[in-house]
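Good morning, colleagues. Please have the sequence and the structure open on your screens while I speak.

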Amino acid sequence: MNLNIQSKNALVCGSTQGIGKATAIALANEGVNVTLVARNEEKLKAVLAELPKDNQCHGYLVADFSQPEALKKALETTDLKFHILINNTGGPKSGDLISATSTELLNAFQMHIICNQILAQAVVPFMKSEKFGRIINVISTSVKEPIPGLGVSNTIRNAVGNWAKTLATELAPFQITVNNVLPGFTDTARLDQIIKIKSKIKVIRPP
């Protein structure tokens, strides 16, 4: 399949493992220049070495999404000429919403909404100048139906969904599309973590 995105530039978040890494490799296979974003520099270097290169220029940014201001500073080190933005951030820890602390909710809001906003504001000016832009948010099927035991994640993922819908309407006149991808259970480290947590939960059944 030829997606006609050769020589475009993509910023791919959470790209050292799972869906983010697979997305980065898929884009590189299409001839895209990929910039990886994650917090672990060693893992970033390892993925960078795996990316196929055919007259392409790949790179990476080290940024921890729990620190939005640090993300802003990391973005200042690049020229921000990106045609494609993949927003992909690991979900909050498992647990019932009623048990979640205000800090957990605020941290999740920062990582998923604030950082998405920072990234969009950084890349959209170039997309407008190019009259081409693709913003893709990797969220969850919980946007359609909450998943038991993922209270904070359900809440924040829905917020991202509505953020994206609002942005899509605003940016459509500039030939910039905003789409959400809602993956279900996927064989990633995150899924392994959820399974391990659930396996330790004792279920008390009535006699």
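I shall speak about strand pairing and then about salt bridges.

Please note at the outset that this is a predicted model.

Let us begin with the strands. Strand β4, residues 84-88, pairs with strand β5, residues 133-138, in the parallel sense, and 5 bridges connect the two. Within this pairing, I86 has I136 of β5 as its bridge partner. How does the chain cross from β4 to β5? The path goes through helix α4, residues 102-130, and the resulting β-α-β crossover is right-handed.

Strand β5 also pairs with β6, residues 176-181; these strands run parallel and are joined by 6 bridges. Here V138 stands opposite V181 in β6. Helix α5, residues 151-171, belongs with β5 and β6 to a β-α-β unit that is right-handed.

I turn now to the charged side chains. As a general remark, side chains of opposite charge can pair when their charged atoms come close. How many salt bridges does the structure hold? The number is 3, and I shall take them in sequence.

In one of them, the side chain of E50 meets that of K21, with an N to O distance of 3.1 Å. Because E50 lies in helix α2, residues 41-50, and K21 in helix α1, residues 18-29, this pair ties together parts that are 29 residues apart in sequence. As for exposure, E50 has a relative accessible area of 45% and is partly exposed. K21 also counts as partly exposed, at 22% relative accessibility; the cut-off for buried is under 20%.

Another salt bridge brings together the side chains of E69 and K72, at 3.6 Å from N to O. Both residues lie in helix α3, residues 68-75, and since they are 3 residues apart there, about one helical turn separates them. E69 is exposed, its relative accessible area being 51%, where exposed means over 50%. K72, by contrast, counts as partly exposed at 38% relative accessibility.

The remaining salt bridge to discuss is formed by K93 and E104, whose closest N and O atoms are 3.0 Å apart. K93 lies in the loop between β4 and α4, whereas E104 is in helix α4, so the pair ties together parts 11 residues apart in sequence. Is K93 buried or exposed? With a relative accessible area of 57%, K93 is exposed. Its partner E104 counts as partly exposed, at 24% relative accessibility.

Thank you for your attention.

Key: Residues numbered from 1 in each chain as written. Predicted model: local features only at pLDDT ≥ 70, side-chain atom pairs only at ≥ 80, totals over all residues. Heavy atoms only, no water. Pairing = 2+ DSSP bridges. Helix = DSSP H or I, 4+ residues; strand = E, 2+ residues; numbered from the N terminus. Right-handed = clockwise from strand over helix to strand, strands pointing away. Salt bridge = Lys/Arg side-chain N within 4 Å of Asp/Glu carboxyl O. Buried < 20%, exposed > 50% of the residue type's maximum accessible area, 1.4 Å probe, protein only.
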